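Let's take a walk through this one together. Have the viewer open, and we'll start with a single pair before stepping back.

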Amino acid sequence: MTQERMKKYVNCPVCGKLLMKCIGQCNVDIICSKCNSNIAVFVDEEGFRIQENRNGNVIGKKAG
Ligand SMILES: [Zn+2]
């Protein structure tokens, strides 16, 4: 049983709030409920990367 070791806690890189728990692999975009930062999270067996999307882009906005 190694499932517990796969569990990762993802914190907001801006304010440090706990955003989510992740088991195994995940690739999600999440909005921090505290500071409203748009955070992109990539998790795999090796570790995880957390990026703040601060390009001023709006999710779901499409031209045309
Ligand atoms: Zn935050």
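Which residue in S5 does Val 41 stand opposite? Val 41 faces Ile 50. That pair belongs to the antiparallel pairing of S4 with S5, which runs over five bridges.

Before going further, keep in mind that this is a predicted model. The mean pLDDT of the protein chain is 82, with 77% of the residues at 70 or more. Confidence is spread unevenly: helix H1 (residues 3-6) has the lowest mean, 62, while S3 has the highest, 93. Where pLDDT is low, the predicted coordinates shouldn't be read in detail. So go easy on H1, given its mean of 62.

Now for the overall layout. The protein chain has one helix and five strands, and reading along the sequence gives you α-β-β-β-β-β. In other words, the helix comes before the strands.

Follow the chain into the strands and you meet a hairpin made by S1 and S2. Strand S1 (residues 7-11) and strand S2 (residues 18-23) run antiparallel and are joined by five bridges. One pair to pick out here is Val 10, which stands opposite Met 20 in S2. Six residues lie between the two strands, and in the turn Gly 16 has a positive phi of about 85°.

Next comes the sheet that our opening pair sits in. It is an open sheet of three strands in the order S3-S4-S5, with antiparallel pairing. S3 and strand S5 (48-52) are the edge strands, each pairing on one side only. From one strand to the next, the twist averages 15°. As for side chains, in a regular strand they alternate between the two faces of the sheet.

On the other side of the pairing, strand S3 (residues 26-31) and strand S4 (residues 38-43) run antiparallel, joined by six bridges. To find one of the facing pairs, look at Ile 31, which stands opposite Asn 38 in S4.

The loop of this hairpin deserves a closer look. S3 and S4 have six residues between them, and Asn 36 is found in that loop. Its phi is near 60°, a positive value in a residue other than glycine. Why might that catch your eye? Most residues other than glycine have a negative phi. Is Asn 36 buried or exposed? Asn 36 counts as exposed, because it has 9 C-beta neighbours inside 10 Å, and the cut-off for exposed is 12 or fewer.

Ser 37 is placed in the loop between S3 and S4 too, but its surroundings are another story. Ser 37 has 18 C-beta neighbours inside 10 Å, so it counts as partly exposed; a residue needs 20 or more to be called buried. What does Ser 37 touch, leaving out residues up to four places away in sequence? Its contacts are Cys 12, Val 14, Cys 32 and Glu 52. There is also a spatial link to Asn 53, 16 residues away along the chain: the C-alpha atoms of Ser 37 and Asn 53 are separated by 7.5 Å.

Finally, zoom out to the whole chain. Of the 64 residues in the protein chain, buried ones make up 6%. Among contacts with a separation of 6 or more, 18% are between residues 24 or more positions apart.

Methods
Residues numbered from 1 in each chain as written. Predicted model: local features only at pLDDT ≥ 70, side-chain atom pairs only at ≥ 80, totals over all residues. Helix = DSSP H or I, 4+ residues; strand = E, 2+ residues; numbered from the N terminus. Contact = placed C-beta atoms within 7 Å. Pairing = 2+ DSSP bridges. Axes fitted to C-alpha atoms, helices over the stretch in contact; angles between N-to-C directions. pLDDT = per-residue confidence, 0-100.
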